[in-house]
Amino acid sequence: MSVTKKYLANSISKKLGLSKRDSLFFVTSFFRIIVENYNNKISINNFGSFELKETPTRIGRNPKTLEEFNIRARKKLSFKPSEVIKKNIN
């Protein structure tokens with residue numbers, strides 16, 4: 001089962017007694033804040049941190065033709081879970 005924004009909003013609504021509309025607004029706003037602040041490291045206590053990382057330019061290869069080509073440098077958003085999350089998973 002995938003955890004969607006709607007599922008998160010329904011869970012928050014049930015747990016906190018908020019309306020589903022307010023809960024969905026909260027979840028949407030939370031993700032919007034993460035997207036808007038992607039240039040910074042975002043740390044959430046007992047959950048983890050989001051950080052923007054840059055991948056360098058590298059050489060790729062077509063496995064069929066063995067033709068080489070350049071893959072340009074990119075930015076990616078990485079997530080590092082906290083120790084609390086790691087303990088709950090294992």
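Two salt bridges are counted in this predicted model, a salt bridge being a side-chain nitrogen of Lys or Arg within 4 Å of a carboxyl oxygen of Asp or Glu. In the model, which is a prediction, local features need pLDDT of at least 70 and side-chain atom pairs count only at pLDDT 80 or more, whereas totals for chains, interfaces and linings use all residues. Residues are numbered from 1 along each chain as its sequence is written, and side-chain values use heavy atoms, with hydrogens and water left out.

One of the salt bridges joins Arg61 to Glu68, with the closest N and O atoms 2.8 Å apart. Glu68 has a relative accessible area of 46% and is therefore partly exposed, given that buried means under 20% relative accessible area, exposed over 50%, and partly exposed in between (1.4 Å probe, protein chains only). A salt bridge is also formed between Glu83 and Lys86, for which the closest N and O atoms are 3.7 Å apart. Because Glu83 and Lys86 are three residues apart in helix 3 (residues 83–89), about one helical turn separates them; helices (H or I, at least four residues) and strands (E, at least two) are DSSP runs, numbered from the N terminus. An α-helix has 3.6 residues a turn, so residues three or four places apart point the same way. Lys86 counts as partly exposed, at 33% relative accessibility.

Lys41, Lys53, Lys76 and Lys80 form a positive surface patch. Patches are made of residues with over 30% relative accessible area and no salt bridge, like charges being joined within 9 Å and nonpolar side chains (Val, Leu, Ile, Met, Phe, Trp, Tyr) within 5 Å. The place of a charge is taken as NZ of Lys, CZ of Arg, CG of Asp or CD of Glu, and accessible areas come from the Shrake-Rupley method with a 1.4 Å probe. Lys80, which lies in strand 5 (residues 74–81), is exposed, with a relative accessible area of 54%. Lys75 is also located in strand 5 and is exposed, its relative accessible area being 55%. Between Lys75 and Lys53, which are 22 residues apart in sequence, the C-alpha to C-alpha separation is 5.6 Å.

With regard to backbone geometry, the 12 residues of helix 1 (residues 5–16) should span 16 Å at 1.5 Å a residue, and this agrees with the 16 Å between the end C-alpha atoms; the expected span is 1.5 Å times one less than the number of residues in the helix. Gly17, which follows helix 1, has a positive phi near 75°. Most residues other than glycine have a negative phi, and most peptide bonds are trans. Asn46, although not a glycine, has a positive phi of about 60°; this residue is found in the loop between strand 1 (42–44) and strand 2 (48–55) and, at 48% relative accessibility, counts as partly exposed. Leu66, also a residue other than glycine, has a positive phi near 60°, and its place is in the loop between strand 3 (58–61) and strand 4 (68–71). At 58% relative accessibility, Leu66 counts as exposed.

Further C-alpha separations concern Phe69 and Asn40. Phe69, found in strand 4, counts as partly exposed at 40% relative accessibility, and its C-alpha atom is 52 Å from that of Ser19, the two residues being 50 apart in sequence. Asn40 is placed in the loop between helix 2 (20–36) and strand 1 and is partly exposed, with a relative accessible area of 46%. The C-alpha atoms of Asn40 and Leu52 are separated by 7.1 Å, with their positions 12 residues apart along the chain counted as their sequence separation.

Technical notes: Lys, Arg positive; Asp, Glu negative; His and termini not counted.
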